[in-house]
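Hi,

Here is the structure I promised to pass on. Have a look at it first, and my notes on what turned up follow below.

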Amino acid sequence: MMLKRYQCFNKIYERATMKKCVFFVAMLLLVGLGAMCYYGNCEEEESLETYTKWVMPEIEGEKLNVYQKQETIQKEITTLKDHAWAGEYFYGFPHGNCYTLTLAPESGFTYINNGCAGVYRLNYGTVMCDGSKITLHPALTADLEFRHQLPTEFYLIPWGQRRYLIQPDEMLAFCNAVNLRREPREFNYGEFFLCTDGESLTLKTPAEKHPTVPEAFRHYLMPPTQVKVLAVGERRDGLEENDCSQTRLTLDKGEDTGFFVGLKFDALGKEEEAGFWSLTVTKVEKTQSEAMLLQRENAGMPEVGWKFGTGLEPKMPVPPNTPVLPGHPR
């Protein structure tokens, strides 16, 4: 009798234990999936932080050097009055990569790239100015892997009371941002280095008319312009890995209106509602031009008569993961 009771109890115990194991495994799976969802957006940044922490631990010592030098530069900046280019410049997006470049003529520069998992890149060194061209001479060389890579040449772009530092290969993108009224921006976050001197940007830092860009790039700055679609060409869905559609359009204006390859437009009305991402001129003729329209995949087919333009209502900067036409700046 006791043996039967023992055997019965043992079976009940085994079943209960099995249920507990199944429940425990299920909870582990749920927690794992939750962690994957939570950290999915920072997967790339977290891998970078792991790389810098375990493969290159000496970056921790360099942080101290960079922060100390940054403090020295900031002290020099406070002694300079109305200096043409000294200051603290910033660009980046919330919950993403942010970049700070602090520079002064005597103390040099520091460059810090932060993200949600810590510091990814940093460097420091000397700085030279030749007219409107700013050149950085880094102390930490690129042969020490990605953590020290940074742009080293910029154009100084004054715009009213504002000052921008723009890389030569980003001048077209900057002028497009001006044409599309994404610059001058109202907040610190944006696509280009803007001098903030460590303070929050407000409308008290006005920008008047057009920025002062080098003569070679002035034709990129366009007056407010509208275009109309004359013809709709080939369409391709599933472009690369961006889940977007690409359609070739013919526009009703061209070289005689100042159009150039790389000029971008915003959408108007129903065109914007049709999954619009970007419209970029790819070929220019005398009185008309060809452009590539990027839309959300499976969005409505563009139509003859659709209108696009520059100089429209101000819009927020385009997030960094927005698809761009291969071979063209963002």
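Strands β2 (residues 98-104) and β3 (residues 108-115) run antiparallel to each other and are paired over 7 bridges. If you want a spot to find that pairing on screen, look for Thr102, which sits opposite Thr110 in β3. Before I go further, keep in mind that this is a predicted model.

On its other pairing, β3 meets strand β4 (residues 118-130), again in the antiparallel sense and over 7 bridges. A hairpin with 2 residues links β3 to β4, and Asn113 has Arg121 in β4 as its bridge partner. Carry on along the chain and β4 joins strand β5 (residues 133-138) through 6 bridges, also antiparallel. Here Thr126 is bridged to His137 in β5. The β4-β5 connection is a hairpin too, with 2 residues between the strands, and Gly131 in that turn has a positive phi of about 70°.

Put those pairings into the wider picture and you get a closed barrel of 8 strands, in the order β1-β2-β3-β4-β5-β6-β7-β8, with antiparallel pairing. From one strand to the next, the twist averages 30°. Helix α4 packs on this sheet, where it touches β6 (153-159), β7 (162-166) and β8, and its direction makes about 20° with that of β6.

As for the chain overall, it has 5 helices and 14 strands. Of its 330 residues, 41% are buried. Among contacts with a separation of 6 or more, 61% are between residues 24 or more positions apart. The accessible surface is about 18,900 Å², with 55% of it belonging to carbon and sulfur atoms.

Next, the aromatics. There are 13 aromatic pairs in the structure. Take Tyr91 and Phe193: their ring centres are 4.8 Å apart and their planes stand at 90°, so this is an edge-to-face pair. Tyr91 belongs to strand β1 (residues 87-92) and Phe193 to strand β8 (residues 190-195), so the pair ties together parts that are 102 residues apart in sequence. Are these two residues buried or exposed? Tyr91 has a relative accessibility of 19%, so it counts as buried, with the cut-off being under 20%. Phe193 is also buried, with a relative accessible area of 2%. Another pair is Trp159 with Tyr164, where the ring centres are 6.1 Å apart and the planes lie at 40°, so that one is tilted. Both Trp159 and Tyr164 are buried. Ring pairs also link Tyr91, Phe193, Tyr99, Tyr111 and Phe154 into a cluster.

Finally, the nonpolar cores. Which residues touch the most other members of the largest one? They are Phe174, Phe265, Leu279 and Phe308, in a core of 36 residues. Helix α4 (residues 171-179) gives the most to this core, with 7 residues. If you want to click through one set of neighbours, try Phe265: leaving aside residues within four places in sequence, its contacts include Leu180, Val227, Leu251, Phe259, Phe276, Leu279 and Phe308. There is also a second, separate core of 17 residues, with Leu103, Ile134, Leu136 and Leu165 among them.

Cheers

Conventions
Residues are numbered from 1 along each chain as its sequence is written. This is a predicted model: local features need pLDDT of at least 70, side-chain atom pairs count only at pLDDT 80 or more; totals for chains, interfaces and linings use all residues. Side-chain values use heavy atoms; hydrogens and water are left out. Helices (H or I, at least four residues) and strands (E, at least two) are DSSP runs, numbered from the N terminus. Buried means under 20% relative accessible area, exposed over 50%, partly exposed in between (1.4 Å probe, protein chains only). Contact means heavy atoms within 4.5 Å. Accessible areas come from the Shrake-Rupley method with a 1.4 Å probe; for residues, only the protein chains shown count as cover. Rings of Phe, Tyr and Trp (its six-membered ring) pair if their centres lie within 6.5 Å; planes under 30 degrees apart count as stacked, over 60 as edge-to-face and the rest as tilted. A nonpolar core is a set of buried Ala, Val, Leu, Ile, Met, Phe, Trp, Tyr and Cys residues joined through side-chain atoms within 4.5 Å. Two strands pair if DSSP finds at least two bridges between them. Axes are lines fitted to C-alpha atoms, for helices over the stretch in contact, and angles run from 0 to 180 degrees between N-to-C directions.
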